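Subject: Structure for your files

Dear colleague,

Here is the structure I said I would pass on. My notes on it follow below.

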Amino acid sequence: LNMKKKNEDTIFALSTPYGQSAIAVTRVSGPKTLDIAKKLSGKKKFEPRNAYFCKLKDSNDNIIDSGLIIFFKSPRSFTGEDLLEIQTHGSIAIINKLFQELSEFDETRFANPGEFSMRGYKNRKADLIHYEGLASLISAETNTQRLISNKQTFGNSQNVCQKWRDVLIENIALIDAEIEFSEEQNEGILLNVSSSLNNLLKEIKKIIYYGETAQQINLGQNILIFGPPNAGKSSLFNFLCQEERMIISKLKGTTTDQSAQKLEVLGKKVVIIDSAGLGKGSRLIEKKGIKKTINSIKNFNNLILVLSPDSYSSENSEILLKTITQINHKKVVVIFNKSDTPNFKNRIKIWLNKIPQLKKYKSFTISCLLGKKDPRVLSKTNNFIDKELLNSESFNSENCFFSEKRQIEIIKKLSLDIKLALESFNNIEIACNYLNSALKKLDNLYGRNNPEEKLELIFKRFCIGK
């Protein structure tokens, strides 16, 4: 009864970020929507989908703000219910006052995360894949993430599912016919079914591979910058971030802790981490920073080693040699920094002669100081990092239709059902049961037959106001 009442409430939430801005959009959805629109604006009639500019007033007839009200009549709205969009100035005081007024209406409450989307799903405005794609699209930080989310949001993933569904239904029908009408099994038909299912399984395996790769892209790859003191690690970090985040001085060992920044490298999400220099360090705080760097090297798979002519010393080379012997299975590139210094090439050779293992790593030469003045240098550096470190040029978003953990887990389970069906062709009744099980899982992918509790868990991950 409580669940039913909860679903019948009129809900409201801010659909734009909370804070000072030019415009704030508040959404209201549910049976009290039209009453709320009339009461706030003083207008007696609202034509659906028309924008009305009016003064919004509280229950004491005091003006809250002036703004736009747009009314969407059920079922032609995002939620499938009567829905209101209220556009006000983006003042925190105005938003809070508006919320206070909305909460005074009977059976009206603040929306839960994703509740607008969940109501739209329940009212069959779209399937679950669409809404999961929409949530990913809103949180997309890079172009690759946007392209992956677009597939789910705008129907491409659903088209793939429909194709799989057609194949499963056709083959289930053929097997059913064999069970029902054939006294002797027709080997030709069963061979065709087997061939069709094997092709389907290959396609699904490819989709799983690209889906798991997309998951990694969505999470982003971490890159740790490390090297001896005074090599210019913080300068490279700032150069890649295009902002002065770290304090840099001419004194050695000025970075005593780690700093991280999200970046987009050729459309891919990257978290880049600066670290303390690999030197013995005289101060206690520096020693802690160096220990942290060595521990970090063990925890990260993508590493940028920064070296410069003036960072060479026998002590630094000894520490670096000990360090790189521990990173055999990691992806490492070397960036030789400060190429603007005199006699750069010969002085860099000292590093290479002292530590021959450096020659096995791909390297790139840069002057962070001069690079700041030339945008082509940043572009070349990003290309180098993408190609030699991220190794993601083989990923093609054209082949990616799913990126959510829930989706990939279901696809893995239905692919197992198809595999078991193929292994059970000596008993076609059992094979048919496995295929029916795969079909049910495919329906779950769309969100069909999912219990209320499971749906609530899925939609809770969405942002409030969506």
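Which side chain meets aspartate 82 in a salt bridge? The partner is lysine 73, with an N to O distance of 3.9 Å. Please keep in mind throughout that this is a predicted model.

**Salt bridges**

The two ends of that pair differ in exposure. Aspartate 82 is buried, because its relative accessible area is 14% and the limit for buried is under 20%. Lysine 73, at 42%, is partly exposed.

Next to aspartate 82 in the numbering is glutamate 81, which makes a salt bridge to arginine 119; here the closest N and O atoms are 3.2 Å apart. This pair connects distant parts of the chain. Glutamate 81 sits in the loop between β4 (63-72) and β5 (83-90), while arginine 119 belongs to helix α4 (residues 115-122), and the separation is 38 residues. Both ends count as buried: glutamate 81 has a relative accessibility of 15%, and arginine 119 has 6%.

A local case is found in helix α3 (residues 92-103), which holds both lysine 97 and glutamate 101, 4 residues apart, or about one turn of the helix. Their closest N and O atoms are 3.4 Å apart, and they form a salt bridge. Lysine 97 is partly exposed at 25% relative accessibility, whereas glutamate 101 is buried at 8%.

Some salt bridges share partners, and in this way Asp9, Glu81, Arg109, Glu115 and Arg119 are joined into one network. The count for the model comes to 19 salt bridges.

**The sheet**

There is an open sheet of 6 strands with mixed pairing, in the order β8-β9-β7-β10-β11-β12. Why do β8 (259-265) and β12 (362-365) each have one side without a neighbour in the sheet? They stand at the edges and each has a single partner strand, so one side of each is left free of a neighbour in the sheet. On average, neighbouring strands of this sheet are turned by 25° against each other, ignoring direction.

For the edge strand β8, the pairing with β9 (residues 268-274) is antiparallel and runs over 7 bridges. Within it, lysine 262 has valine 271 of β9 as its bridge partner. Helix α9 (residues 233-241) packs on the sheet and touches β7 (221-226), β8, β9, β10 (302-307) and β11 (331-336). The direction of α9 makes about 155° with that of β9.

**Nonpolar cores**

The largest nonpolar core has 34 residues. Which of its members touch the most others? They are Trp164, Leu168, Phe402 and Ile418. Two or more residues of this core come from each of α7 (156-181), α8 (187-219), α15 (405-423) and α16 (428-446). The element that gives the most is α16, with 9 residues.

Leucine 168 shows how such contacts are spread along the chain. Leaving out residues up to four places away in sequence, leucine 168 touches Leu197, Leu200, Ile418, Leu435, Ala438, Leu439 and Leu442.

Another core lies apart from the largest one and consists of 24 residues, including Ile223, Leu240, Ile335 and Ile366.

Regards

Conventions:
Residues are numbered from 1 along each chain as its sequence is written. This is a predicted model: local features need pLDDT of at least 70, side-chain atom pairs count only at pLDDT 80 or more; totals for chains, interfaces and linings use all residues. Side-chain values use heavy atoms; hydrogens and water are left out. A salt bridge is a side-chain nitrogen of Lys or Arg within 4 Å of a carboxyl oxygen of Asp or Glu. Buried means under 20% relative accessible area, exposed over 50%, partly exposed in between (1.4 Å probe, protein chains only). Two strands pair if DSSP finds at least two bridges between them. Axes are lines fitted to C-alpha atoms, for helices over the stretch in contact, and angles run from 0 to 180 degrees between N-to-C directions. Contact means heavy atoms within 4.5 Å. A nonpolar core is a set of buried Ala, Val, Leu, Ile, Met, Phe, Trp, Tyr and Cys residues joined through side-chain atoms within 4.5 Å.
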